[in-house]
Amino acid sequence: MPDTSSVTGPSDMVVRGFVRNGFTVSRKTSERIDMVKMKLYNALNTSDLPGSLVLWKQSNLAKQSDPAILEVWNHTEKYCTFLRDTLEMYSIDRKGKCIISSVHVGKRLCNAFWNGYFMVYGDGDLSKYLQPFCRDPMIIYHELTHGVIQYNFPLDYSGQSGAINEHIADVFSVIAHHYLNKTTPKSGRWDPGSLIVTKRGMSLRTFDNNKAYDYEELGVDEQVKHASNFYEGPEDEGGVHINSGILNHMFYIFCTLLDEVIWDKPLKIWYGALVGIRHDCEFEEFAGRLATSCDNLYSDRELEFLIGALQGVGIN
């Protein structure tokens, strides 16, 4: 195990998106963490991570009454079911890694993130604008996907490759939710974070062409949905959360054109594009990988829809 005495989280889910957060991490996380599938800790609103171990086996779940503990445990387990059923992945690293999660981290922490070693969940601002981040299973699925990416598809977390990284986390969160609830593109959710934003009709992400949020307390959603609006500045690690909206919207267009469950063909196409991906892959290369994956797996119909979706967001 690497030294985890000081760890900074690589992302994520806060308003623009998923900012970095650094916390003091206890060395006890290095003690045989792969012995079981999941372990859940309570940080008791401190930054001393991972906190106190409160749950490590299913048989103890009935003794828990804390909503955060129950939500994280149950939705982490559901995400693992999604990986197993759809991709034959029995752990996030395909080597049996235990998933460690810490709830109630910090005071009024408006964030949740995979810090490179385990999951971290803040309580939001105590329901003023943002509720506890574990309240929305799509946030849990998004962040766990960063672990999947880290161990299987090591994309850089900056610039275009970082935007692809964020896009994959968003896509897997939506696909997992659709699969677990057996919904269609028309009936399923496309709004990660909507269950924690207190203002009706707002979320932290959208896949269609609408803004996720736009009100004084949270500001305006900065995600762009077309390559003509591509952000090239230094903020947000070179726009990893801003520019991922282009790929998200492309995925949405493809799925609505296809009009089939998104955990079948779309998931297989996207997963195929990830296998062997370069760490510094950029948008046009990723588009090519998607087209190759689609062409290898399906007919001209699916490829035509994919090309139409790419053109719809300005990617050739």
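By the angle between two elements I mean the angle between the N-to-C directions of their axes, which are lines fitted to C-alpha atoms, and the value runs from 0 to 180 degrees. With that settled, good morning, colleagues. The model before you is predicted.

Let me begin with the overall composition. The protein has 316 residues, and buried residues make up 57% of them. Its secondary structure amounts to 7 helices and 10 strands. Taking the contacts in the protein with a separation of 6 or more, 61% are between residues 24 or more positions apart.

I turn next to the sheet. Five strands form an open sheet with mixed pairing, in the order β5-β3-β6-β8-β7. Which strands stand at the edges? They are β5, residues 52–55, and β7; each has a single partner strand, so one side of each is left without a neighbour in the sheet. On average, and with direction ignored, neighbouring strands of this sheet are turned by 25° against each other.

Strand β6 deserves a closer look. This strand covers residues 99–105 and runs parallel to β3, residues 38–46, with 6 bridges joining the two. Among the pairs concerned, K39 has I100 in β6 as its bridge partner, and T46 stands opposite V105 in β6. With β8, strand β6 again pairs in the parallel sense, here over 2 bridges. One position to inspect is S102, which stands opposite V120 in β8. As a general reminder, strands of a sheet pair through backbone hydrogen bonds, either parallel or antiparallel. How many residues of β6 are buried? The count is 7 of the 7, so β6 is largely enclosed by the rest of the structure.

What lies across these strands? Helix α1 lies across β3, β5, β6 and β8, the last being residues 119–121, and α1 runs at about 150° to β6. A further helix, α2, residues 137–152, also packs on the sheet. Helix α2 touches β6, β7 and β8, and its direction makes about 20° with that of β7.

Allow me to describe α1 in more detail. The helix spans residues 67–87, which is 21 residues, and it reaches 29 Å from its first C-alpha to its last, close to the 30 Å expected at 1.5 Å a residue. At its start, a side-chain oxygen of D66 comes to within 2.9 Å of the backbone nitrogen of A68. After the helix comes E88, with a positive phi near 55°. The buried residues of α1 include A68, I69, V72, W73, Y79, F82 and L83. Polar or charged side chains occur in that buried set too, among them E71, H75 and T76.

C80, also in the buried set of α1, leads to the cysteines. Its relative accessibility is 12%, and C80 therefore counts as buried, the limit being under 20%. The structure holds 0 disulfides. Why does C80 form no such bond? The closest cysteine sulfur, in C98, is 9.6 Å from that of C80, which is too far for a bond; the cut-off applied is 2.5 Å. C110, by contrast, is partly exposed, because its relative accessible area is 22%.

We now move to the edge strand β7 and its surroundings. Strand β7 comprises residues 112–114, and A112 is found in it. Is A112 buried or exposed? A112 is buried, with a relative accessible area of 0%. Along the chain, A112 and H142 are 30 residues apart, while their C-alpha atoms are separated by 9.7 Å. The loop between β7 and β8 contains Y117. At 23% relative accessibility, Y117 counts as partly exposed. Y117 and I99 are 18 residues apart along the chain, and 8.7 Å separates their C-alpha atoms.

Finally, one residue from a further helix. H177 lies in α3, which covers residues 159–181. With a relative accessible area of 11%, H177 is buried. Leaving aside residues up to four places away in sequence, H177 touches P137, M138, Y141 and R189.

To close, I would ask you to keep two features in view. The first is β6, parallel to β3 and to β8, and buried in 7 of its 7 residues. The second is α1, lying across β3, β5, β6 and β8. Thank you for your attention.

How values were computed: Residues are numbered from 1 along each chain as its sequence is written. This is a predicted model: local features need pLDDT of at least 70, side-chain atom pairs count only at pLDDT 80 or more; totals for chains, interfaces and linings use all residues. Side-chain values use heavy atoms; hydrogens and water are left out. Helices (H or I, at least four residues) and strands (E, at least two) are DSSP runs, numbered from the N terminus. Buried means under 20% relative accessible area, exposed over 50%, partly exposed in between (1.4 Å probe, protein chains only). Contact means heavy atoms within 4.5 Å. The expected span of a helix is 1.5 Å times one less than its number of residues. A polar contact is a pair of N or O atoms within 3.5 Å; within protein, one must be able to donate a hydrogen and the other to accept it, and residues adjacent in sequence count only if both atoms are side-chain atoms. Two strands pair if DSSP finds at least two bridges between them.
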